[in-house]
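Biologist: Could you walk me through the sheet in this model, strand by strand, and then show me what you find in the loops and rings around the rest of the chain? I would like the details residue by residue, so that I can follow along on my screen.

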Amino acid sequence: MRYATSDAPRITVRHLLSHAAGFPEDNPWGDQQLSASDDDLSRMIERGIPFSNTPGVAYEYSNFGFAILGRIVVNVSGMPYARYIQQKVLRPLGMTSTTLEARDVPASRLAHGYRLQDGAWLEEAQLPDGSFGAMGGMLTSSADLSRWVGLMLSAWPPRDGAESPVLKRSSLREMQQVWRFAPGSAARLANGTLTMNGGGYAYGLRVSQNCLFNHIVAHSGGLPGFGSQMRWLPEYGVGIIALGNLTYTSWGAPIDAAYEGVGQEWRTLTPRHRAVASARRHAGQGDAAHHQRMDAATRR
């Protein structure tokens, strides 16, 4: 592989997960590759991957990078990507309605997607699943997607006890931490509240902070015929999901308004308490007093 510069670091899985591999932004090109076969992806990689940056220095949303992550799953697990996801993620979570193939959904339950063109609603064809399926195109229900968001929220607070069969809580928390920072947004006045967002990209998720909430995790999805968003607050255990069957359905503003209402009016919404570690719980009084002094010094 020919990197952008001679001093470039080798691409890591973390680079790919956080869109920092140096590949150029490829929306909406990536949407058009969902039908690509495994051989097609192999040929793309063999021809050479274009770089717009050296790995590890900038964020650029790369569907190509997530297709490569899907290939890594195939190589490591020894099974097709869709089967691995079904067996290791979806079934253990009880997500029985979720699939990568539209043909697996009963006709009576399949949502049809549309685009608005010249004042007319035109139906979009259901998209196929191929080697780029790791970057998007999954079909799900509101109940199933709620289970997924619930898994993410279950990682907080850190505590003792049994783990999820899908992924350890520590790994789930790692997924929801900023690994590639993004510049903060300009301050704006919305519904009488001054807001400003800062944050960046985690692993396949966006993480932000605003004047109301310290930790917001989200991702939106857009394909021909559909648009979605999921957004949750790990500190509070609250999440919102939205699914629409219009091309690139925009859910940002309605969910913003909902959370602004939560932050301003739901006075009963309180942060979840962090569990006390057993080692500290059994520590001597003198040690506890030492910690209190150190905490006070840190605050100053």
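Modeller: Happy to: I will take the sheet first, then the loops, and then the aromatic rings.

Please keep in mind that this is a predicted model. The sheet is an open one, built from six strands in the order β3-β6-β7-β8-β9-β10, with antiparallel pairing. At its edges are β3 and β10, the latter made of residues 238-244, and each of these two pairs on one side only. Going from one strand to the next, the twist averages 20 degrees.

A good place to zoom in is β9. Its partner on one side is β8: residues 216-223 of β8 and residues 226-233 of β9 pair in the antiparallel sense over seven bridges. If you want landmarks along this pairing, find V217, which stands opposite W232 of β9, and G221, whose bridge partner in β9 is S228. Together β8 and β9 make a hairpin with two residues between them. One residue to look for in that turn is G225, where phi is positive at about 100 degrees.

Now move across to β10. Here too the strands run antiparallel, and seven bridges join β9 to β10. S228 turns up again on this side, this time standing opposite L243 in β10. So in the model S228 has G221 as its bridge partner and also faces L243 across the β9-β10 pairing. β9 and β10 form a hairpin as well, with four residues between them. In the turn, G237 has a positive phi of about 75 degrees.

How much of β9 is covered? The strand is mostly covered, with six of its eight residues buried. As background, side chains in a regular strand alternate between the two faces of the sheet. A helix also packs on this sheet: α5 touches β9 and β10, and its direction makes about 150 degrees with that of β10.

Following the chain past β10, you come to Y248 in the loop between β10 and α7. Y248 is not a glycine, yet its phi is positive, near 55 degrees. Its relative accessible area is 43%, so Y248 counts as partly exposed. Further along is A258, in helix α7, which covers residues 252-265. With 34% relative accessibility, A258 is partly exposed too. The C-alpha atoms of A258 and I240 are separated by 8.8 Å, and the two residues are 18 apart along the chain.

Next, the backbone of the loop between α1 and α2. P28 lies in this loop, and a cis peptide bond with omega of about 0 degrees joins N27 to P28. H19 is in this loop as well, with a positive phi near 55 degrees although it is a residue other than glycine. H19 is buried, because its relative accessible area is 3%. A second cis bond runs from W156 to P157, where omega is near -10 degrees, and P157 has its place in the loop between α5 and α6.

Finally, the rings. The count of aromatic pairs comes to eleven. One of them is W29 with F132, an edge-to-face pair with 5.7 Å from centre to centre and 80 degrees between the planes. W29 belongs to the loop between α1 and α2, and F132 to the loop between β2 and α5, so this pair ties together parts that are 103 residues apart in sequence. W29 is partly exposed at 34% relative accessibility, while F132 is buried at 0%.

Another pair is W179 with Y203: the ring centres are 5.5 Å apart and the planes lie at 10 degrees, so the pair is stacked. W179 is in the loop between α6 and β3, and Y203 in the loop between β6 and β7, so the pair ties together parts 24 residues apart in sequence. Here W179 is partly exposed, with a relative accessible area of 31%, and Y203 is buried at 9%.

W179 has a charged neighbour as well: the charged end of R14 sits over the ring of W179, 4.1 Å from its centre. Ring pairs also link Y3, F23, W29, F51, F64 and F132 into a cluster. Over the face of Y3 you will find R10, at 3.9 Å from the ring centre.

Methods: Residues numbered from 1 in each chain as written. Predicted model: local features only at pLDDT ≥ 70, side-chain atom pairs only at ≥ 80, totals over all residues. Heavy atoms only, no water. Buried < 20%, exposed > 50% of the residue type's maximum accessible area, 1.4 Å probe, protein only. Phe/Tyr/Trp six-rings, centres within 6.5 Å; stacked < 30°, edge-to-face > 60°. Lys NZ or Arg CZ within 6 Å of the ring centre and 35° of its normal. Pairing = 2+ DSSP bridges. Axes fitted to C-alpha atoms, helices over the stretch in contact; angles between N-to-C directions. Contact = heavy atoms within 4.5 Å.
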